Each structure stands twice: as C-alpha cells, then as structure tokens.
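Colleague: I have the sequence and the model open side by side. Could you walk me through the ligand, the sheets and the empty spaces?

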Amino acid sequence: MSWHATTTIYQIYPRSFYDSNGDGIGDIQGIIQKLDYIRDLGFETIWISPFYSSPQEDFGYDISDYYNIAPEYGTLQDVEQLIAEIHQRKMKVVFDMVMNHTSDKHPWFLESRASKDNPKADWYIWRDQPNNWKSIIGPNGWQFCAERNQYYYASFLPFQPDLNYRNPEVKKAMFDVCRFWLQKGVDGFRLDIFNCIIKEKDFKNNPFSLFHIIPSEEHPGGNFQIRKYSLNQEENFELAQELRSVMDEFNHPPRMLLGEVFGGHDKIKQYLGKKQDGLHLVFLFDILYYKFNPDFFRKKILEYEHHYPAPNIPTAVFSNHDQLRSIHRIGNHLEKAKLLALLQFTMRAVPCVYYGEEIGMTNGKISLKNGKDPMVNIYSWVPQFIADLLPVGINRDNCRTPMQWNNQKNAGFSVAEKTWLQVNKDVEKRNVDLQLTDKDSLLNVFKKLLHLRKNNQALHSGKIEIVHTGNKNILAFVRSFEEEKLLVLINFCNSKVTVNINLPIKEMVFSIGQKNGFNDVLKGFSGIIVKL
Ligand code: GLC
C-alpha cells in the first residue's frame with residue numbers, strides 16, 4: 001500500500017509552533033528543533049501551513065512569491081534543511097499549496113490589474129459586470145478595480161484574487177511552482193480551497209436559496225446562495241488529474257496530494273478520480289463537526305465506507321487552523337478527548353492532527369475586536385456574545401494560539417516579551433512537559449495509539465466492520481488484515497456498561513480508563529482494543 005494510505009499526519013501552523021529567534025513568531029528553525037518531539041510521538045507525516053513570502057494579511061494564505069520564504073520564518077536554506085531533517089527522521093513532509101489565489105501584492109496580480117491588455121491581463125478572473133456569485137465566506141465575491149474599471153473575483157477575502165485556470169499559462173506557472181518544490185524533495189501538497197479552483201465558463205448566476213443561510217459542508221458559503229457554478233465544477237476534477245500527473249513525474253519516492261475541498265460526498269469524492277488517478281486524499285470535514293455519540297460516528301464510518309471504499313481511504317480530522325479546537329465540542333473534557341483519539345487512530349482513515357490537539361489545548365479567548373485574523377473584518381458587525389455561541393470560529397486566532405511546551409514564560413514557545421498572539425491561559429495542565437511525564441495523559445494516549453497503529457497492519461491497512469453490541473452507548477468495530485483482527489470498543493457514556501460480544505478475545509492490547517482487563521464490562525468513558 002502506498003505511504004499516503006497508511007500514514008498519520010501532524011499539522012503545524014508555523015507562526016505558532018516554536019520561536020527559535022525570540023521575535024515572538026514561530027519559524028522554520030523552531031520546527032526543526034521540535035522534529036524529534038513529533039517523531040517520538042509517532043507521526044509519520046508533517047503538513048506545514050504556508051511560510052512562503054507573503055504580506056501576511058491572511059498569515060501566509062496570501063502568497064506574493066511562491067519561490068521564496070517570508071523572512072520572519074527563515075530562508076530557502078532553512079526550508080531545505082527542514083526537508084532534509086524530516087527525511088533523516090524517516091518522516092514525510094507536505095507543504096501547503098495555495099493555487100486558487102495569490103496575494104493582491106503578487107507581481108502577477110500587480111501586472112494584471114494595471115491594464116486590460118498587459119501580458120497577464122487574463123491571469124485572474126476579470127469581468128465588466130459582476131454576476132451574483134458570493135465568496136465562500138459569505139459576502140459578494142467581486143471586487144472593483146479602478147485601473148481596469150472592471151471587477152475581479154475572489155473566492156475568499158478581497159485581497160486574495162482568484163487565478164484564471166482557463167488560461168494555460170497560469171496552469172503552467174503554478175505546475176512549475178509545484179515542480180520546484182517537488183524537486184527540492186517535498187513529499188506532497190495540501191491543496192488550499194481546491195474546490196473553488198475553476199469557475200463555470202459562462203458565469204451563470206448561482207441559484208438563490210432561502211434555506212441556505214448558514215454555511216454547511218454540503219453547501220459551503222451559505223448566505224442564501226447555492227454555489228452551483230462557482231464551486232466543484234467538472235473541470236476541477238480534471239485539474240486534479242492533471243496535477244496528479246505532475247506529481248507522478250516525481251515518482252521516486254511517490255508523492256501525495258491532499259485536497260481541502262468542501263461539498264457533499266458525491267461531489268468531493270470525484271477529486272480522487274475514478275481510477276484513483278486524481279488527488280490521493282480529501283479532507284472530510286463533516287466529521288469535524290461531530291456529535292459525541294456513538295451513533296454519529298457509526299453512521300460516519302458506514303457513510304465513508306460507502307463513498308470511499310478501498311483502495312480509496314477517508315481522512316479523520318477533528319481540528320485545524322480554521323476551526324474551533326475540537327476539544328471545545330466536548331466541553332474541554334480530557335477523558336472524552338482520549339476516546340476521540342482512540343477512534344481517530346483506529347477507524348479506517350488517515351488521521352490528521354492539529355498541533356496542540358495532543359495535549360488538549362483549548363480555544364483562546366481573543367475577542368473579535370482584538371482579532372488579527374482578517375476574517376474579523378468581515379464579521380465585525382457580529383456581537384461578541386453571539387460570536388461566542390457560534391459553532392464555527394469567526395476569529396480564527398483562537399485556534400492559533402502558541403503551542404504550549406511547558407509552564408514557563410510564554411509556555412516555552414518564545415523568549416520574546418510579546419508573542420504574536422497571546423498564550424492561552426489553560427497552560428498549567430495542558431503543556432507538553434507535564435504530559436510527557438504523566439503516563440495516563442492525553443499526550444501519552446496519542447503516543448501509544450500512534451505506535452500501536454504503526455505496528456499493526458490491521459489498524460493502518462485493514463478492513464473495517466461495525467459490530468453490533470446491542471448497547472446504544474457503545475461504538476464497536478473490528479479492523480482486520482488477513483489473520484490479524486483487532487476489536488475496538490468505546491463507551492461514550494459516563495457509567496459502566498455490560499457488553500455482550502460473541503467473539504473470541506485473545507488479549508487486550510490497549511485501554512483507556514479500563515485498567516483491569518475486560519470481562520464484558522466497560523467502565524464509564526473507557527475504550528479498549530483487543531486482539532481476536
Ligand atoms: C483555506 C485555509 C484558510 C485560508 C483560506 C484562504 O480555507 O485553510 O486558512 O484563510 O483557505 O486561503
């Protein structure tokens with residue numbers, strides 16, 4: 001099986017991971033210093049959010065030079081060293097690739113916006129008259145540009161103009177960017193908002209819908225519009241295949257594409273290609289908004305098996321740099337977080353963990369008014385108490401606070417007087433040093449699960465089958481690979497339950513909250529893995 005199908009992914013938001021030079025901002029050398037930590041936890045792949053040159057209006061998701069590094073993060077040499085050091089530790093590294101748009105300060109856009117007849121005039125999406133398309137974060141996506149007396153389209157924020165992939169020069173330029181990094185040895189790319197990448201050619205208006213107010217996974221964007229013509233077009237799936245062939249030019253070792261795509265499964269599975277010749281993986285964000293009950297997860301497992309049967313492989317992601325931290329959904333409850341980790345590393349999926357999730361870092365409490373995230377400009381009219389109640393974060397600073405390494409100054413993240421975002425207050429119990437020494441900590445649960453998964457083919461490559469226990473509080477499934485069979489049992493409720501399974505149990509290989517083995521009884525909030 002190719003590495004992308006069996007791997008485990010750790011996401012780093014470089015600005016917040018580790019500051020090696022004391023300027024209050026995380027950097028590449030900082031990541032290098034922490035690679036042993038990630039390797040020892042047991043992760044096999046590291047995905048790093050963007051660190052290319054950028055005016056940092058969207059903290060790197062607005063790139064102004066794809067071939068260079070933002071000075072606060074380091075140099076090209078640092079990045080080369082980073083790739084080499086990750087490989088030395090037998091891990092893979094995936095970079096973020098923002099192909100959909102550039103910064104409005106990128107020289108391509110500066111040229112494009114200057115006139116209607118310059119060589120890059122058609123590199124972005126220009127129209128005399130806008131249609132009704134809204135961006136994927138809500139408001140109108142068209143922005144007026146006085147120099148051209150025209151509008152350009154931006155799927156995300158106004159300073160992130162969308163490139164025009166109907167222009168072959170654009171495609172070539174961006175594929176060359178990918179080739180540049182592939183040549184440097186990067187193992188793959190996480191593709192930013194890839195579902196937006198090509199728009200309907202005639203710019204047909206999107207349908208109005210009274211029912212699509214709040215953005216949902218099935219209908220991204222909300223705000224009374226179905227993004228029928230601005231998202232998930234047939235040509236996007238074809239572009240995924242073309243990009244795949246660029247990756248395949250560099251097959252030694254094989255590389256990987258992981259798409260950030262939003263939409264219903266019928267749409268987004270098409271990015272994988274009918275013959276597994278598109279993207280290797282897509283994020284499945286519907287599970288990110290989980291409900292902590294076994295029914296929810298049972299249905300998701302079945303749904304994923306239906307839509308992404310082997311050799312496809314689903315992903316399991318509960319947090320990232322755009323969302324409220326996962327642990328918030330379970331009331332910051334560390335025991336429940338352990339059970340979620342058990343599920344995340346044992347269901348048939350590639351687990352993707354956001355930095356700090358392993359220590360149960362909670363959301364920051366930075367108000368909309370003090371937010372650095374550019375999204376707060378769009379939502380500044382939302383009263384703070386409403387923002388606090390929303391299931392989605394509209395000030396993404398709160399999931400981007402500095403990593404908590406210890407309980408010293410700035411949680412050990414930086415020696416600076418002021419860090420770019422303030423360190424969260426939950427640092428006393430939720431820091432790496434403390435949890436490394438506590439054998440029952442969340443961090444050590446992650447570590448044990450990661451090692452178990454690596455050493456058991458059933459867990460990283462096996463089939464999955466739901467087991468019915470007759471008890472509605474229990475999620476049970478078997479992972480199997482040839483003769484190897486592992487049963488996972490998770491008790492989602494706070495009280496002990498009796499479980500009758502007519503399966504021959506050999507030994508317990510892992511447990512949470514269940515010290516004395518398993519005799520048909522599972523304690524409250526406990527979970528186990530047993531060999532069959
Ligand atoms: C993606 C990124 C997000 C960024 C946006 C625009 O959703 O995850 O952080 O702001 O795209 O690039």
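Colleague: How far does a polar side-chain atom of Arg396 lie from an oxygen atom of the ligand?

Modeller: Happy to start there, with the reminder that this is a predicted model. A polar contact here is a pair of N or O atoms within 3.5 Å. The polar side-chain atom of Arg396 and the ligand oxygen meet that cut-off, at a distance of 3.0 Å.

Colleague: And how much of the ligand's accessible area does the protein cover?

Modeller: On its own, the ligand has 310 Å² of accessible area. Two further polar contacts reach ligand oxygens: an N or O atom in the side chain of His101 is 3.0 Å away, and a polar side-chain atom of Asp192 is 2.7 Å away. The share covered by the protein is 98%.

Colleague: Which residues are the closest to the ligand?

Modeller: The ligand is surrounded by 13 residues. Asp192, which makes the 2.7 Å contact, belongs to the closest group. That group is Asp58, Asp192, Glu260, His321 and Asp322.

Colleague: Let's turn to the sheet of eight strands. Which strands stand at its edges, and why is one side of each left without a neighbour?

Modeller: The sheet is open, its pairing is parallel, and its order is β11-β10-β9-β5-β2-β1-β13-β12. Each edge strand has a single partner strand, so one side of each is left without a neighbour in the sheet. The edge strands are β11 (281–282) and β12 (315–317).

Colleague: Which residue of β11 is the bridge partner of Leu258?

Modeller: Strand β10 covers residues 256–259 and runs parallel to β11, with two bridges joining them. In β11, the partner of Leu258 is Leu281.

Colleague: There are antiparallel strands as well. Which residue in the turn between β7 and β8 has a positive phi?

Modeller: Strand β7 (residues 142–145) is joined to β8 by four bridges in the antiparallel sense, with Trp142 opposite Tyr153. The two strands form a hairpin with four residues between them. In that turn, the residue with a positive phi, about 50°, is Asn149.

Colleague: And which residue stands opposite Tyr151 in β8?

Modeller: β8 (residues 150–153) also pairs with β6 (residues 126–127), antiparallel and over two bridges. Opposite Tyr151 stands Arg127.

Colleague: On to the empty spaces. Which element gives the most to the lining of the largest cavity?

Modeller: The search of the whole structure finds one cavity of 30 Å³ or more, and its volume is about 110 Å³. Its lining has eight nonpolar, three polar and one charged residues. Two elements give two or more residues to that lining, α10 (334–346) and α14 (442–455). With four residues, the one that gives the most is α10.

Colleague: What is the volume of the largest pocket?

Modeller: Its lining is made up of 42 residues, with Ile136, Ile137, Pro215, Tyr379 and Val392 nearest the centre. By class, 24 are nonpolar, ten polar and eight charged. The volume of this largest pocket is about 1,100 Å³.

Colleague: Last one: in the second largest pocket, how many lining residues are polar?

Modeller: This pocket has a volume of about 330 Å³. Its lining has 19 residues, and the closest to its centre are Leu324, Asn363, Gly364, Asp388 and Asn398. Seven of the lining residues are nonpolar and two are charged, while the number of polar ones is ten.

How values were computed
Residues numbered from 1 in each chain as written. Predicted model: local features only at pLDDT ≥ 70, side-chain atom pairs only at ≥ 80, totals over all residues. Heavy atoms only, no water. 1 Å grid on protein atoms, 1.4 Å probe; cavity = no way out; pocket = protein on both sides within 12 Å on 5 of 7 lines; lining within 4 Å. Points joined across faces, edges and corners; volume = space filled by probe spheres on them. Nonpolar A, V, L, I, M, F, W, Y, C, P; charged D, E, K, R; others polar. Pairing = 2+ DSSP bridges. Near = heavy atom within 4 Å. Polar contact = N/O pair within 3.5 Å; in protein donor to acceptor, adjacent residues only side chain to side chain. Areas by Shrake-Rupley, 256 points an atom, 1.4 Å probe, with all protein chains shown as cover.
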